[in-house]
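Me: Please walk me through this model, one question at a time. Start with the vocabulary, then get to the details.

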Amino acid sequence: MKKIRVVIGVICLVAGLALIINHQVDWRGHLHTWQHVPPADELATSSLPAPENPYAADIARYQSANGDVCGWLDFPDFVNAPVVRGTDNEFYLTHDATGNANPNGTAFLDYEVAPETADHWVIYGHNMANGQVFSNLDRLLGQATAESHRRFRLATPTTVWDCEIIGVYDMNLEDPAQFFSYNSWLNWDDEKNAQAYLDNLSASERVRLSTPVDKSDQLVTLSTCDNAQKDARILIVAKRTVSA
């Protein structure tokens with residue numbers, strides 16, 4: 001009888017440890033610290049790009065897990081995470097930055113954007129109730145919040161851009177007066193340029209900052225859903241310039 005109690009005790013201990021390990025893995029995944037992305041100290045220094053790019057090491061680590069990783073978005077108080085670019089605009093709605101299934105999705109660049117040459121980057125992300133991805137960007141619909149968070153950084157393995165918010169927009173896609181195909185304006189020409197892009201968004205403008213704009217400026221648009229409306233998008237539009 002005593003041996004039976006010992007065996008049962010061992011089984012319970014093993015089962016308990018398994019539950020703790022499983023919970024720990026889930027917890028790490030929820031915080032987007034995927035275990036199969038190599039820690040920084042495991043990546044050979046010789047393989048890293050130029051040290052003046054402070055995001056190069058993190059981009060390289062995530063690229064080692066998923067070749068679709070193309071950059072990094074560092075927006076204080078909102079987002080600090082890799083950006084991916086797939087072969088369509090659907091896959092990363094339901095997959096994380098390592099390519100694994102995840103209902104939170106991840107921040108992803110429009111697949112038609114050429115990262116190093118496009119005049120306009122469009123980056124999508126879910127507005128999740130659990131605080132993941134672009135969940136808190138709707139706070140920028142408030143003038144005071146936008147004013148106090150007007151700058152962020154965007155990086156590729158070779159380039160870092162400083163981004164300054166121009167305006168915040170709340171576009172009702174079912175309203176013909178507001179609808180504008182913002183994700184089709186990716187490269188500038190005589191008719192498509194930064195100023196014309198902003199003019200087309202004017203009907204859905206909610207916040208406008210004092211950032212100066214020239215028609216040749218390169219832009220980035222962060223796009224997420226407005227969950228307060230049936231079919232609407234919150235757009236944060238910023239001017240991007242190469243970091244000194």
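Reply: Buried means under 20% relative accessible area, exposed over 50%, and partly exposed in between (1.4 Å probe, protein chains only). This is a predicted model, with residues numbered from 1 along each chain as its sequence is written. Local features need pLDDT of at least 70 and side-chain atom pairs 80 or more, while totals for chains, interfaces and linings use all residues; side-chain values use heavy atoms, with hydrogens and water left out.

Me: What share of the chain's 244 residues is buried?
Reply: Take the cut-off above and apply it to the whole chain, 244 residues in total. The buried share comes out at 45%.

Me: What is the mean pLDDT of the chain?
Reply: pLDDT is the predictor's confidence in each residue, from 0 to 100. In this chain, 79% of the residues reach 70 or more, and the mean is 85.

Me: Which stretches have pLDDT below 50?
Reply: Beyond near neighbours in sequence, one of them has 15 contacts (heavy atoms within 4.5 Å) in the model, and another has 9. Where pLDDT is low, the predicted coordinates should not be read in detail. The stretches are residues 2-35 and residues 43-50.

Me: What order do the helices and strands come in?
Reply: Helices (H or I, at least four residues) and strands (E, at least two) are DSSP runs, numbered from the N terminus. The chain has 4 helices and 9 strands. Read along the sequence, they go α-α-β-β-β-β-α-β-β-α-β-β-β.

Me: Of the contacts between residues at least 6 apart in sequence, what share joins residues at least 24 apart?
Reply: Set aside the pairs under 6 apart in sequence and look at what remains. The share joining residues at least 24 apart is 60%.

Me: Which strands help cover the buried side of helix 2?
Reply: Helix 2 runs over residues 56-65, and Ala56, Ile59, Ala60, Arg61 and Tyr62 are buried there. Their cover includes strand 1 (69-75), strand 2 and strand 5 (151-155).

Me: Which strands do the buried residues of helix 4 pack against?
Reply: Helix 4 spans residues 194-201, and its buried residues are Ala194, Ala196, Tyr197, Leu198 and Leu201. They pack against strand 4 (120-124), strand 6 (160-172), strand 7 (205-208), strand 8 and strand 9 (232-242).

Me: Is Asn193 buried or exposed?
Reply: Asn193 sits in the loop between strand 6 and helix 4. Leaving out residues up to four places away in sequence, Asn193 touches Trp185, Trp188 and Lys215. Its relative accessible area is 11%, so Asn193 is buried.

Me: Which backbone nitrogen does the side chain of Asn193 reach?
Reply: A polar contact is a pair of N or O atoms within 3.5 Å; within protein, one must be able to donate a hydrogen and the other to accept it, and residues adjacent in sequence count only if both atoms are side-chain atoms. At the start of helix 4, a side-chain oxygen of Asn193 comes to within 3.1 Å of its partner. That partner is the backbone nitrogen of Gln195.

Me: Which backbone nitrogens sit 2.9 Å from the side chain of Asp88?
Reply: Asp88 is in the loop between strand 2 (79-84) and strand 3 (108-109). With a relative accessible area of 30%, Asp88 is partly exposed. Its side chain makes polar contacts at 2.9 Å with the backbone nitrogens of Glu90 and Phe91.

Me: How far apart in space are Asp88 and Tyr111?
Reply: In sequence, Asp88 and Tyr111 are 23 residues apart. In space, C-alpha to C-alpha, the distance is 5.5 Å.
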